[in-house]
Amino acid sequence: MTARRPLPLVLRNASFRVRTALHKGVSRGRLDARDLVRPFHGIRTWFEPRTTEERARALAPRLRPDQVFSHVTAAAVLGFPLPRRIERDPRLHVTTIGVDQALRVRGAVGHRAKYGTVRMSMSRGVPISSPADTFVTLGAVLTIDELVIVGDALVGWLGWVTLDELVTAVRRRRGIRGVRKLRAALGEIVVGSRSPGETRTRLALMRRGLPAPALNHDVVVEGRWVACVDLAYPAARVAIEYESDLHRTDAATFRKDLTRGEHLKDVGWWLVRATADDVGRDVDRFVARVWRLLQIGLAGSHDTRMGTRSPNNG
(Lines give C-alpha, C1' and ligand atoms only; values in the text may rest on other atoms or scores of the structure.)
Protein backbone atom coordinates (compact mmCIF):
# COMPACT_ATOMS: atom_id res chain seq x y z
CA MET A 1 0.00 0.00 0.00
CA THR A 2 1.35 3.41 -0.98
CA ALA A 3 2.00 5.75 1.96
CA ARG A 4 -0.08 8.91 1.96
CA ARG A 5 1.82 12.07 1.26
CA PRO A 6 2.23 14.15 4.45
CA LEU A 7 0.45 17.50 4.54
CA PRO A 8 2.26 20.81 5.19
CA LEU A 9 3.02 21.37 8.87
CA VAL A 10 0.56 24.26 9.13
CA LEU A 11 -2.32 21.91 8.24
CA ARG A 12 -1.44 19.08 10.60
CA ASN A 13 -3.46 18.39 13.76
CA ALA A 14 -5.96 21.14 12.98
CA SER A 15 -9.03 21.76 10.87
CA PHE A 16 -8.43 23.60 7.62
CA ARG A 17 -10.19 24.81 4.50
CA VAL A 18 -9.88 22.80 1.32
CA ARG A 19 -9.18 26.06 -0.49
CA THR A 20 -6.21 26.76 1.78
CA ALA A 21 -4.77 23.28 1.26
CA LEU A 22 -5.09 23.52 -2.52
CA HIS A 23 -3.25 26.85 -2.48
CA LYS A 24 -0.44 25.16 -0.57
CA GLY A 25 -0.06 22.50 -3.24
CA VAL A 26 -2.05 19.66 -1.70
CA SER A 27 -3.73 17.55 -4.37
CA ARG A 28 -7.48 16.99 -4.53
CA GLY A 29 -6.86 13.27 -4.26
CA ARG A 30 -4.95 13.72 -0.97
CA LEU A 31 -7.81 15.84 0.42
CA ASP A 32 -10.28 13.05 -0.42
CA ALA A 33 -8.23 10.41 1.40
CA ARG A 34 -9.98 8.44 4.15
CA ASP A 35 -7.70 9.64 6.94
CA LEU A 36 -9.34 13.09 6.71
CA VAL A 37 -12.84 13.87 8.00
CA ARG A 38 -15.33 16.21 6.28
CA PRO A 39 -17.40 17.76 9.11
CA PHE A 40 -18.54 20.72 6.98
CA HIS A 41 -18.49 21.59 3.30
CA GLY A 42 -15.04 22.79 2.31
CA ILE A 43 -13.46 21.73 5.63
CA ARG A 44 -11.15 18.86 6.54
CA THR A 45 -10.17 17.67 10.03
CA TRP A 46 -8.11 14.82 11.43
CA PHE A 47 -10.86 13.43 13.68
CA GLU A 48 -14.65 13.49 13.93
CA PRO A 49 -15.67 16.50 16.06
CA ARG A 50 -18.27 15.48 18.65
CA THR A 51 -18.62 18.22 21.26
CA THR A 52 -19.85 21.73 20.52
CA GLU A 53 -16.37 23.08 21.13
CA GLU A 54 -14.82 20.56 18.72
CA ARG A 55 -17.40 21.36 16.03
CA ALA A 56 -16.77 25.08 16.51
CA ARG A 57 -13.02 24.55 16.12
CA ALA A 58 -13.68 22.58 12.95
CA LEU A 59 -15.87 25.28 11.40
CA ALA A 60 -13.74 28.21 12.58
CA PRO A 61 -11.60 28.39 9.39
CA ARG A 62 -14.78 29.18 7.42
CA LEU A 63 -15.54 32.29 9.51
CA ARG A 64 -14.71 35.76 8.25
CA PRO A 65 -13.26 38.44 10.59
CA ASP A 66 -16.77 39.89 11.02
CA GLN A 67 -18.27 36.58 12.18
CA VAL A 68 -18.40 34.99 15.63
CA PHE A 69 -19.97 31.95 17.20
CA SER A 70 -23.01 33.09 19.13
CA HIS A 71 -26.29 32.07 20.75
CA VAL A 72 -26.28 28.58 22.30
CA THR A 73 -22.98 27.71 20.57
CA ALA A 74 -21.09 30.50 22.35
CA ALA A 75 -22.94 29.62 25.56
CA ALA A 76 -21.79 26.00 25.33
CA VAL A 77 -18.18 26.97 24.56
CA LEU A 78 -18.19 29.35 27.53
CA GLY A 79 -19.68 26.74 29.83
CA PHE A 80 -23.07 28.33 30.54
CA PRO A 81 -25.47 26.03 32.44
CA LEU A 82 -27.88 25.08 29.66
CA PRO A 83 -30.89 22.73 29.71
CA ARG A 84 -30.36 19.34 28.10
CA ARG A 85 -32.84 20.01 25.28
CA ILE A 86 -30.53 22.81 24.07
CA GLU A 87 -27.40 20.69 24.32
CA ARG A 88 -28.94 18.00 22.09
CA ASP A 89 -29.09 20.34 19.06
CA PRO A 90 -25.83 19.84 17.11
CA ARG A 91 -26.17 22.94 14.91
CA LEU A 92 -23.68 25.77 15.32
CA HIS A 93 -24.83 29.40 15.48
CA VAL A 94 -22.76 32.12 13.82
CA THR A 95 -23.50 35.84 13.85
CA THR A 96 -22.26 38.23 11.17
CA ILE A 97 -21.68 41.70 12.62
CA GLY A 98 -22.45 44.34 10.04
CA VAL A 99 -24.06 44.36 6.61
CA ASP A 100 -22.36 41.41 4.94
CA GLN A 101 -24.15 38.15 4.19
CA ALA A 102 -24.83 35.68 6.99
CA LEU A 103 -22.96 32.38 6.98
CA ARG A 104 -24.59 29.68 4.87
CA VAL A 105 -23.29 26.17 5.46
CA ARG A 106 -25.03 22.92 6.28
CA GLY A 107 -24.90 22.23 10.02
CA ALA A 108 -24.83 25.90 10.97
CA VAL A 109 -27.40 28.66 11.53
CA GLY A 110 -26.46 32.12 10.31
CA HIS A 111 -27.53 35.34 12.06
CA ARG A 112 -26.86 39.03 11.50
CA ALA A 113 -26.44 41.90 13.96
CA LYS A 114 -25.87 45.62 13.54
CA TYR A 115 -22.49 47.17 14.19
CA GLY A 116 -22.02 48.01 17.85
CA THR A 117 -24.65 45.60 19.18
CA VAL A 118 -22.43 42.53 19.57
CA ARG A 119 -18.94 42.51 20.97
CA MET A 120 -16.36 39.95 19.88
CA SER A 121 -14.09 37.93 22.14
CA MET A 122 -12.04 34.74 22.02
CA SER A 123 -12.54 31.58 24.04
CA ARG A 124 -10.80 28.22 23.64
CA GLY A 125 -9.27 29.39 20.40
CA VAL A 126 -12.48 30.37 18.59
CA PRO A 127 -14.15 33.78 18.09
CA ILE A 128 -17.36 34.15 20.09
CA SER A 129 -19.77 36.84 21.17
CA SER A 130 -19.02 38.25 24.62
CA PRO A 131 -20.63 36.58 27.66
CA ALA A 132 -23.12 39.43 28.14
CA ASP A 133 -24.10 39.50 24.45
CA THR A 134 -24.39 35.71 24.43
CA PHE A 135 -26.80 35.94 27.37
CA VAL A 136 -29.00 38.32 25.37
CA THR A 137 -29.31 35.91 22.43
CA LEU A 138 -30.56 33.17 24.76
CA GLY A 139 -33.77 35.10 25.35
CA ALA A 140 -35.19 33.53 22.20
CA VAL A 141 -34.81 29.92 23.38
CA LEU A 142 -34.75 29.83 27.20
CA THR A 143 -37.53 30.30 29.73
CA ILE A 144 -37.37 33.08 32.32
CA ASP A 145 -36.20 30.68 35.01
CA GLU A 146 -33.52 29.24 32.70
CA LEU A 147 -32.32 32.77 31.95
CA VAL A 148 -32.12 33.51 35.68
CA ILE A 149 -30.02 30.37 36.15
CA VAL A 150 -27.61 31.53 33.44
CA GLY A 151 -27.59 35.09 34.78
CA ASP A 152 -26.89 33.92 38.34
CA ALA A 153 -23.95 31.93 37.00
CA LEU A 154 -22.53 34.86 35.05
CA VAL A 155 -22.65 37.32 37.95
CA GLY A 156 -22.00 34.66 40.58
CA TRP A 157 -19.95 31.49 40.42
CA LEU A 158 -18.56 32.16 36.91
CA GLY A 159 -18.00 35.83 37.74
CA TRP A 160 -17.60 37.00 34.15
CA VAL A 161 -19.92 40.02 34.13
CA THR A 162 -21.80 42.33 36.45
CA LEU A 163 -25.56 42.72 36.55
CA ASP A 164 -25.15 46.24 35.14
CA GLU A 165 -23.29 44.82 32.15
CA LEU A 166 -26.14 42.41 31.48
CA VAL A 167 -28.65 45.27 31.67
CA THR A 168 -26.57 47.32 29.23
CA ALA A 169 -26.30 44.40 26.79
CA VAL A 170 -30.08 43.92 26.80
CA ARG A 171 -30.61 47.63 26.15
CA ARG A 172 -28.34 47.46 23.09
CA ARG A 173 -30.61 44.81 21.53
CA ARG A 174 -34.06 46.24 22.29
CA GLY A 175 -35.77 44.59 19.33
CA ILE A 176 -34.31 41.13 19.77
CA ARG A 177 -36.57 38.10 20.21
CA GLY A 178 -37.30 37.28 23.84
CA VAL A 179 -36.50 40.76 25.16
CA ARG A 180 -39.47 40.68 27.55
CA LYS A 181 -38.23 37.45 29.08
CA LEU A 182 -34.76 38.94 29.37
CA ARG A 183 -36.08 41.99 31.22
CA ALA A 184 -38.09 39.80 33.56
CA ALA A 185 -35.04 37.64 34.26
CA LEU A 186 -32.85 40.67 34.98
CA GLY A 187 -35.18 41.56 37.86
CA GLU A 188 -34.51 38.18 39.53
CA ILE A 189 -30.79 37.63 38.92
CA VAL A 190 -28.79 37.95 42.13
CA VAL A 191 -25.13 37.79 43.10
CA GLY A 192 -24.23 34.95 45.44
CA SER A 193 -25.54 31.75 43.89
CA ARG A 194 -22.86 29.10 43.58
CA SER A 195 -24.61 26.53 41.40
CA PRO A 196 -27.60 26.06 39.08
CA GLY A 197 -29.18 23.85 41.75
CA GLU A 198 -29.10 26.69 44.28
CA THR A 199 -30.81 29.00 41.81
CA ARG A 200 -33.48 26.42 40.97
CA THR A 201 -34.17 25.95 44.67
CA ARG A 202 -34.43 29.69 45.31
CA LEU A 203 -36.81 30.17 42.39
CA ALA A 204 -38.94 27.17 43.42
CA LEU A 205 -39.44 28.68 46.87
CA MET A 206 -40.14 32.21 45.68
CA ARG A 207 -42.45 31.14 42.83
CA ARG A 208 -44.73 29.60 45.46
CA GLY A 209 -44.91 32.56 47.79
CA LEU A 210 -42.02 32.08 50.19
CA PRO A 211 -39.67 35.01 50.88
CA ALA A 212 -36.26 35.13 49.27
CA PRO A 213 -33.78 33.03 51.26
CA ALA A 214 -30.31 34.20 52.18
CA LEU A 215 -27.66 32.71 49.89
CA ASN A 216 -24.54 30.93 51.15
CA HIS A 217 -25.34 31.93 54.69
CA ASP A 218 -22.79 31.54 57.48
CA VAL A 219 -24.43 30.08 60.58
CA VAL A 220 -22.73 31.65 63.59
CA VAL A 221 -23.90 30.83 67.12
CA GLU A 222 -22.49 32.66 70.17
CA GLY A 223 -19.58 33.90 68.09
CA ARG A 224 -18.71 30.44 66.78
CA TRP A 225 -18.92 29.60 63.08
CA VAL A 226 -20.89 26.41 62.58
CA ALA A 227 -21.44 26.00 58.84
CA CYS A 228 -22.06 27.75 55.54
CA VAL A 229 -25.32 26.60 53.94
CA ASP A 230 -26.61 27.08 50.39
CA LEU A 231 -29.83 28.84 51.38
CA ALA A 232 -31.20 29.89 54.75
CA TYR A 233 -34.02 31.54 56.65
CA PRO A 234 -32.00 32.68 59.68
CA ALA A 235 -34.93 34.03 61.69
CA ALA A 236 -36.57 30.59 61.64
CA ARG A 237 -33.25 28.71 61.82
CA VAL A 238 -33.98 26.75 58.67
CA ALA A 239 -31.13 25.79 56.33
CA ILE A 240 -31.49 24.30 52.86
CA GLU A 241 -28.79 22.41 51.01
CA TYR A 242 -29.09 21.45 47.34
CA GLU A 243 -27.71 17.93 46.84
CA SER A 244 -26.34 17.31 43.36
CA ASP A 245 -25.13 13.95 42.10
CA LEU A 246 -21.65 14.90 43.33
CA HIS A 247 -22.87 14.59 46.91
CA ARG A 248 -23.90 11.00 46.16
CA THR A 249 -20.88 9.87 44.15
CA ASP A 250 -18.04 11.62 45.99
CA ALA A 251 -17.35 9.97 49.35
CA ALA A 252 -15.54 12.97 50.87
CA THR A 253 -18.36 15.34 49.94
CA PHE A 254 -20.93 12.90 51.32
CA ARG A 255 -19.15 12.65 54.69
CA LYS A 256 -18.71 16.44 54.87
CA ASP A 257 -22.42 16.99 54.24
CA LEU A 258 -23.39 14.53 56.97
CA THR A 259 -21.13 16.27 59.47
CA ARG A 260 -22.53 19.68 58.52
CA GLY A 261 -26.05 18.43 59.14
CA GLU A 262 -25.18 17.14 62.60
CA HIS A 263 -23.45 20.39 63.55
CA LEU A 264 -26.51 22.38 62.51
CA LYS A 265 -28.80 20.10 64.49
CA ASP A 266 -26.59 20.56 67.55
CA VAL A 267 -27.23 24.31 67.54
CA GLY A 268 -30.97 24.06 66.95
CA TRP A 269 -31.16 24.53 63.17
CA TRP A 270 -33.25 22.41 60.83
CA LEU A 271 -31.53 21.25 57.65
CA VAL A 272 -33.65 20.49 54.59
CA ARG A 273 -31.89 18.61 51.80
CA ALA A 274 -33.19 19.37 48.30
CA THR A 275 -32.66 17.25 45.19
CA ALA A 276 -33.51 17.69 41.52
CA ASP A 277 -36.86 16.00 42.17
CA ASP A 278 -37.63 18.40 45.02
CA VAL A 279 -37.32 21.41 42.70
CA GLY A 280 -38.94 19.51 39.83
CA ARG A 281 -41.79 17.02 39.96
CA ASP A 282 -42.07 17.06 43.79
CA VAL A 283 -41.73 20.82 44.17
CA ASP A 284 -45.11 21.43 45.82
CA ARG A 285 -44.43 18.91 48.56
CA PHE A 286 -40.92 20.28 49.06
CA VAL A 287 -42.10 23.88 49.40
CA ALA A 288 -44.90 22.85 51.76
CA ARG A 289 -42.32 21.19 54.02
CA VAL A 290 -40.13 24.29 54.09
CA TRP A 291 -43.17 26.51 54.70
CA ARG A 292 -44.23 24.36 57.67
CA LEU A 293 -40.76 24.58 59.22
CA LEU A 294 -40.70 28.35 58.73
CA GLN A 295 -44.01 28.74 60.54
CA ILE A 296 -42.80 26.62 63.45
CA GLY A 297 -39.47 28.39 63.67
CA LEU A 298 -40.88 31.89 63.43
CA ALA A 299 -43.46 31.05 66.11
CA GLY A 300 -40.66 30.23 68.53
CA SER A 301 -41.56 26.54 68.71
CA HIS A 302 -38.27 25.34 67.33
CA ASP A 303 -37.04 22.12 68.93
CA THR A 304 -33.51 22.77 70.19
CA ARG A 305 -32.98 19.57 72.14
CA MET A 306 -29.56 18.06 71.47
CA GLY A 307 -29.78 15.06 69.16
CA THR A 308 -33.48 15.44 68.43
CA ARG A 309 -34.35 14.20 65.00
CA SER A 310 -35.44 17.00 62.65
CA PRO A 311 -39.08 16.92 61.46
CA ASN A 312 -37.98 16.88 57.83
CA ASN A 313 -36.10 13.66 58.46
CA GLY A 314 -38.83 11.96 60.42
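Trainee: How do you know how helix 10 and helix 13 are placed relative to each other?

Mentor: This is a predicted model, and in it the axes of helix 10 (residues 196-207) and helix 13 come within 10 Å and cross at roughly 75 degrees. Angles from 65 to 115 degrees count as roughly perpendicular, so helix 10 is roughly perpendicular to helix 13.

Trainee: Which residues meet where helix 10 and helix 13 touch?

Mentor: Helix 10 brings Thr201, Ala204 and Leu205, and helix 13 brings Val283, Phe286, Val287 and Val290. By class, this contact has 6 nonpolar residues, 1 polar residue and no charged ones.

Trainee: What makes the sheet of strands 8, 9, 10 and 11 an open one, and which strands are its edges?

Mentor: The 4 strands stand in the order 8-9-10-11, with mixed pairing. Strand 8 (214-221) and strand 11 (270-274) each pair on one side only, and they are the edge strands. From one strand to the next, the twist averages 40 degrees.

Trainee: How do you know that strand 8 pairs with strand 9?

Mentor: Pairing requires at least two bridges. There are 7 bridges between strand 8 and strand 9 (residues 224-233), so the two count as paired, and they run antiparallel. One of the partnerships joins Val219 to Ala227 in strand 9.

Trainee: Where does helix 13 sit with respect to this sheet?

Mentor: Helix 13 (residues 283-298) packs on the sheet and touches strand 9, strand 10 (238-242) and strand 11. The direction of helix 13 makes about 170 degrees with that of strand 11. An angle over 145 degrees counts as roughly antiparallel, so that word applies to helix 13 and strand 11.

Trainee: Why is Ser70 called buried?

Mentor: The limit for buried is under 20% relative accessible area. Ser70 has 1%, so Ser70 is buried. Ser70 is found in the loop between strand 3 (67-69) and helix 4 (71-78). Leaving aside neighbours within four places in sequence, Ser70 is in contact with His93, Val94, Thr95, His111 and Ser129.

Trainee: Why is Gly178 called partly exposed?

Mentor: Partly exposed lies between the 20% and 50% limits. Gly178 has 21% relative accessibility, so Gly178 falls in that class. Gly178 is in the loop between helix 8 and helix 9. Beyond neighbours within four places in sequence, the contacts of Gly178 are Gly139 and Ala140.

Trainee: Which members of the largest nonpolar core touch the most other members?

Mentor: Of its 44 residues, these are Leu59, Phe69, Phe80, Phe135, Leu138 and Leu166. Several elements each supply at least two residues of this core, including helix 3 (52-59), strand 4 (92-97) and helix 8 (163-172). Another core, of 19 residues, lies apart from the largest one, and among its members are Ala204, Tyr242, Trp270 and Val272.

Trainee: Which residues does Leu166 contact, neighbours within four places in sequence left aside?

Mentor: Leu166 is in contact with Ala132, Phe135, Gly151, Leu154, Val155, Val161, Leu186 and Ile189.

Trainee: How do you know that strand 6 and strand 7 are paired?

Mentor: The same test of at least two bridges applies. Strand 6 (residues 120-123) and strand 7 are joined by 4 bridges, so they are paired, and they run antiparallel. Ser123 stands opposite Val126 in strand 7. The hairpin of these strands has 2 residues between them, and Arg124 takes a positive phi near 55 degrees there.

Conventions:
Residues are numbered from 1 along each chain as its sequence is written. This is a predicted model: local features need pLDDT of at least 70, side-chain atom pairs count only at pLDDT 80 or more; totals for chains, interfaces and linings use all residues. Side-chain values use heavy atoms; hydrogens and water are left out. Axes are lines fitted to C-alpha atoms, for helices over the stretch in contact, and angles run from 0 to 180 degrees between N-to-C directions. Contact means heavy atoms within 4.5 Å. Angles under 35 degrees count as roughly parallel, over 145 as roughly antiparallel, 65 to 115 as roughly perpendicular and the rest as oblique. Ala, Val, Leu, Ile, Met, Phe, Trp, Tyr, Cys and Pro count as nonpolar, Asp, Glu, Lys and Arg as charged, and the others, Gly among them, as polar. Buried means under 20% relative accessible area, exposed over 50%, partly exposed in between (1.4 Å probe, protein chains only). A nonpolar core is a set of buried Ala, Val, Leu, Ile, Met, Phe, Trp, Tyr and Cys residues joined through side-chain atoms within 4.5 Å.
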